[in-house]
Amino acid sequence: MNRGYPFRRHSADVHTLIGPYVLDAVTGPERHAVERHRVHCPSCDAEIAELTATAARLADSTIRTPPEALRQRVLAEARRTRQDPPSAHADAVRRIGWHGWDAVAAVLLLVVFAVLVTYGVQQTRVDRARQQNAVAQSRQQDVAAVLAAPDAELVPTTLPDGARGRLVVSRSDDRAVVTLTGLPALSGRHTYQLWLVSGAGHPASVGVLDVGTRSTTRVVSGIAAAEAFAVSTEPAGGSTRPTNIWASVPLTG
Amino acid sequence: MVRQRTRPGDGQPVRPPADDDPVGALLVRTARGDEPAFAELYEHVAPRVYGLCVRVLRDPGQAEEVSQEVLLELWRRAARYQPDRGTGLVWVLTVAHRRAVDRVRSAQARTDREERAAATATPRGGDEVAEQVTIRMEHQQVRRCLRALTELQRQAVTLAYYHGRTYREVAELLGVPLPTIKSRMRDALIRLRDCLAVAR
Ligand SMILES: [Zn+2]
């Protein structure tokens, strides 16, 4: 691990800090010591990268749906926020030079944002947010009921074009929770429609996404008799029969 | 406001994000000022960022504030993400964890009374939804692998990662010498890495 060159005097200390550094359990100066060291020590750099990816998995157990209002605020503020240039040099300068007028300017900027958000934007959104909340809450109760069913099981779901899907099925409850993310954008006024396909009958529509929607979580009923879950692409508003099946997930077994 | 940007001129090859790294791909698009990509990035990472902040800060209000800072930081600094240095999700969670820890420490500087609660609290609200439980496979893996650690390793990781404690505080809380706690943290991460790799 390059314990000698080029930080002979300090590198032994730095190596013992790898675990705490990866867990963000170090002080600022210790953090910088590790960051300076890893630039010159490829083996430490590789270990830190690997353990950082491991530590990130600890966040798997903390996932939580944020308030809808957060989404609106973040997207609105991003629209008026200038992006930083991609230079690593700017990063170093920022770390050292984050005081004086920079700080004053930042505080002023924050005040302006706060005023905008509080008075200009929030008022008009309150009603809509309340409405969405009520809908979201009843949907969440349905979702929770399916997921809590004793026989709830995760059905392997492979989707084309890099999209991701999760399907949790409870046959006793006759319902499933469908989560689709990263659906490819469709051209024109087209959208996705969800179907349950049984052996004998026609495919039954279980929902149409709004045009432009690329991710959704829904509770779908009538799963017990179905042999497959399918997603098709349709003209806006959906169709009575699937026009173009985009993905199909077997439910048997 | 779509502006084409060049990558940092440090001569390193820039690998495009792998197909199984949708967050990385969205970060690369976000770095070009692609607002729809950022909206999609939000859908992917906001529950993870917010959940982690709630866990570390144990206060939904503060968690919301810090999440907002983190998510806007992703917008502002997306160009800093280097696909060849790791997946997008790991980068996002690293940014989020650091911010949450910074906040919990500055709050602790004022009041340091929650120490005992910190060791046990696991906030759970009524607002968990699909993603939380549908990924319970991964969730269970992490828990199983945490259980496979020694008691000292598990406590060290828990106090540091989930409660934002420094290794000095952890050593003091657990009554263990500093060199021991530092090496237990590293050992624990190595064991977790191996356990999670097998479980995948
Ligand atoms: Zn080293």
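# A tour of chains A and B

Start at strands S7(A) and S8(A), which pair in the antiparallel sense over six bridges. Keep in mind that you are looking at a predicted model.

**Stop 1: the sheet around S7(A)**

Zoom in on Ser232(A). Across from Ser232(A), in S8(A), stands Ile245(A). Now select residues 190–198 of chain A, which form strand S4, and residues 226–235, which form strand S7. These two strands are antiparallel as well, and nine bridges join them. Pick Leu194(A) and look across to S7(A): the bridge partner there is Val231(A).

Next, add residues 204–208 of chain A. This is strand S5, and S5(A) pairs with S4(A) in the antiparallel sense over four bridges. Click on Leu196(A). In S5(A), the bridge partner of Leu196(A) is Ala204(A).

Show these strands together. In what order do the four strands of this open sheet run? The order is S5-S4-S7-S8 in chain A, with antiparallel pairing. Look at the two edges, S5 and S8 (244–250): each has a single partner strand, so one side of each has no neighbour in the sheet. From one strand to the next, the twist averages 25°.

Turn on side chains while you are here. In a regular strand, side chains alternate between the two faces of the sheet.

**Stop 2: the sheet with S3(A) and S6(A)**

Select residues 175–181 of chain A, which are strand S3. S3(A) and S6(A) pair in the antiparallel sense, with six bridges between them. Choose Val177(A) and find the bridge partner in S6(A), Val219(A).

Widen the selection to the whole open sheet. Four strands of chain A lie in the order S1-S2-S3-S6, and the pairing is antiparallel. Which strands stand at the edges? They are S1 (153–155) and S6 (216–221) of chain A. Each has a single partner strand, so one side of each is left without a neighbour in the sheet. The twist here averages 25° from one strand to the next.

**Stop 3: two helices in chain A**

Leave the strands and select residues 28–40 of chain A, helix H3, together with residues 42–57, helix H4. Two packed helices are described by the angle between their axes and the distance between the axes. For H3(A) and H4(A), the axes come within 6 Å and cross at roughly 120°. The two helices are therefore oblique to each other. Their crossing is left-handed.

Show the residues that touch. From H3(A), they are Val34(A), His37(A), Arg38(A) and His40(A). From H4(A), they are Pro42(A), Cys44(A), Asp45(A), Ile48(A) and Ala49(A). By class, this contact has five nonpolar, two polar and two charged residues.

**Stop 4: where chain A meets chain B**

Colour by chain. How many residues of each chain are in contact? There are 71 in chain A and 82 in chain B. Between them the chains bury about 7300 Å², with 56% of it on carbon and sulfur atoms. Highlight Ile63(A), Arg64(A) and Gln83(A): in chain A these lose the most area to chain B, together 13% of what that side buries.

Finish on a helix pair across the chains. Select residues 68–79 of chain A, helix H5, and residues 60–77 of chain B, helix H3. Their axes come within 10 Å and cross at roughly 35°. The crossing of H5(A) and H3(B) is right-handed.

Show the contact residues. H5(A) brings Leu70(A), Arg73(A), Val74(A), Glu77(A) and Ala78(A). H3(B) brings Glu64(B), Ser67(B), Gln68(B), Leu71(B), Leu72(B) and Trp75(B). This contact divides into six nonpolar, two polar and three charged residues.

Note on methods: Residues numbered from 1 in each chain as written. Chains lettered and ligands numbered in written order. Predicted model: local features only at pLDDT ≥ 70, side-chain atom pairs only at ≥ 80, totals over all residues. Heavy atoms only, no water. Axes fitted to C-alpha atoms, helices over the stretch in contact; angles between N-to-C directions. Parallel < 35°, antiparallel > 145°, perpendicular 65-115°, else oblique. Left-handed = near helix turned anticlockwise from the far one by under 90°. Contact = heavy atoms within 4.5 Å. Nonpolar A, V, L, I, M, F, W, Y, C, P; charged D, E, K, R; others polar. Pairing = 2+ DSSP bridges. Buried area = accessible area lost by both parts, 1.4 Å probe.
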